[in-house]
Amino acid sequence: MNKNETNQWIANYRTDQPHFGLERMVELLALRGNPHLKLKVIHIGGTNGKGSTIAFLKNMLVKMGLRVGVFSSPYLIHYTDQIAINGESIPEARLEVLMSEYRSLLEGDHAPALQGTTEFEIITAIAYDYFASEQVDVAIMEVGMGGLLDSTNVCQPILTGITTIGLDHVALLGDSLEAIAEKKAGIIKQGVPLVTGNIVPEALAVIDQIAKVKQAPRLSYGDDYQVNHRESTVTGEIFDYSSSVRQGHFQTGLLGLHQIENAGMALALLDAFCREIGLELPENDLVVQALEETSWPGRFEVVSRRPLMILDGAHNPHAVKALLATLEERFADYHKEILFTCIKTKALEDMLDLLGTLPDTNLTLTHFDDGRATDEEVLKQAAHSRNLNYQSWQEFLDQKMTDDEEEKTVRIITGSLYFLSQVRAYLMERKN
C-alpha cells in the first residue's frame, strides 16, 4: 500500500465511540508474537498532563543515552508523530509496511476474531510492534481514554503513572471524579510502582485503595515529592523540586503554571525508573538541560508573537481551568480573543461557563471538519444563547493574522486537539 491507500484503509476503522475491551488487542498482538511483552514499558494515564509529562520524561531519558519509544495521541502535525523513537517519528515507509501486514490479519482468516477492531487499537498494536522490533530501551505508552479497558493496557509495565483526574468523557467513563479515577486506576498492576500527580483527594482515595489491593508501591505528589513555583519567565516556569533522592532548582521549557507539576511528576518517574532497572540517578545538570529543552506542540504554544497568538489544547473543564490560571497569571492586563470548539464527548456547556468567567475577553465559537466534532448547529445555538460570536476558524485566523498590531491583545486558539492539528497545519502553510 502507498501512503494514500494506508490512510484510507485505517480510516475505515475510525469510530466516534471507543469499543472498550482488550480481547481484540490480545488476539491481534498474539498473532504478531506478543511484542508488547518484550518491552520495558512506562504506562502513563490521567485526565490531563500526560503529553507534557511524557515529553519531559522522554527528554531526560534520551539525555541519559537511552533509546526511548513514545506512543502518544492525538497527533498535531503528522500522523506518524504518534509513534516516535528519540523524537524521530516512525518513517512513513515503515508505517505503510506495518499497516499492510495488519491489514492482512484483519481481512484474512482471523477476521472473525478481530471483528470490531478500531483505528486506535491498530495504531497501538503497531506502536508496540515497532518499538519491539527496534529494541528500544524503554517504551512510554500514553493511555488513550480511561485506563482499565484502553487498548494500551495489555502491557506488563515496570512503572505506571497517573497525572490528574478531572471530569472528561463523562458519558463513557462516569459522571463523578471517583468513577473516573476507578477507570484510570485500571492501569495499576500487581506490585508495579505507581507515581501520582496532583490529584484531588476524593479521586486519590480511590486510586490509593486500588494500589493497596494491588500491592503497588506509590510515590505521590506533595508527600513523596514536592514542587514549588518561583517565577514565570518568557521561556518557561522556574521551580524547586524536592524528594528523598533529589533536590534542585529547575526551569521548564513549557509555559503554564501547571507545567511545574508535570515536570515534577516526570522527575519522580525518572528516578523511580532508574531505581527499578538499576541505573544511577542522572545529575541535576542533565535534568536542567533536558527540562529547558522540552517542547510539546499545542500546549500553550506561542505560534506568533506579532500578532500574539497561542495554541492550547484545553479540551475538558480541568484543562480549561489550567489555561485560565495561566492567562490570569501571565496576561491579566491583556485583552483576550479566544477561539474555541470541541468534540461531541466533551462537556461543552461546562467549558463555556468557565471561559465566560475570564475578564476582558471576546469568545468566538467555531466548527471543524471531523466526524468527532460537535455538530455545527449545536455550536451555533450555544453561541446564540450566550450572545457569543460564531465564525469559521479559517476566517478568524485570516482576519487576526492580518490585523494591525494591537497593543496588549492575545489570541488563544483552544479546545479539541484534533481541531488544533488542523489549525496548526493551516498556520504553518500560511507562514510558508
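**Note on a helix pair and two buried residues**

1. In this predicted model, the axes of helix H2 (residues 23-30) and helix H5 (residues 119-133) come within 10 Å of each other and cross at roughly 40°. Angles under 35 degrees count as roughly parallel and those from 65 to 115 as roughly perpendicular, and H2 and H5 are therefore described as oblique to each other. As for the sense of the crossing, H2 passes H5 in a right-handed manner. On the H2 side the contact is made by Arg 24, Met 25, Leu 28 and Leu 29, while H5 contributes Glu 121, Thr 124, Ala 125 and Tyr 128.

2. A second place to look is Glu 142, which belongs to strand S5 (residues 138-142). Glu 142 is buried and yet has no salt bridge, the nearest side chain of opposite charge being that of Lys 50, 4.1 Å away. Because a salt bridge requires the nitrogen and the carboxyl oxygen to lie within 4 Å, this pair is not counted as one. Leaving aside residues up to four places away in sequence, Glu 142 touches Ile 44, Lys 50, Gly 51, Ile 54, Phe 71, Ser 72, Ser 73 and Thr 152.

3. The last residue to consider is Gln 259, which is found in helix H9 (residues 259-277). Its relative accessibility is 1%, and Gln 259 therefore counts as buried, the limit for that term being under 20%. Among residues more than four places away in sequence, Gln 259 touches Ser 52, Phe 56, Thr 252, Leu 254 and Arg 299. Gln 259 and Gly 236, which are 23 residues apart in sequence, have their C-alpha atoms 8.7 Å apart in space.

Note on methods: Residues are numbered from 1 along each chain as its sequence is written. This is a predicted model: local features need pLDDT of at least 70, side-chain atom pairs count only at pLDDT 80 or more; totals for chains, interfaces and linings use all residues. Side-chain values use heavy atoms; hydrogens and water are left out. Helices (H or I, at least four residues) and strands (E, at least two) are DSSP runs, numbered from the N terminus. Buried means under 20% relative accessible area, exposed over 50%, partly exposed in between (1.4 Å probe, protein chains only). Lys and Arg count as positive and Asp and Glu as negative; His and the chain ends are not counted. Contact means heavy atoms within 4.5 Å. Axes are lines fitted to C-alpha atoms, for helices over the stretch in contact, and angles run from 0 to 180 degrees between N-to-C directions. Angles under 35 degrees count as roughly parallel, over 145 as roughly antiparallel, 65 to 115 as roughly perpendicular and the rest as oblique. A crossing is left-handed if the near helix is turned anticlockwise from the far one by less than a right angle, and right-handed if clockwise.
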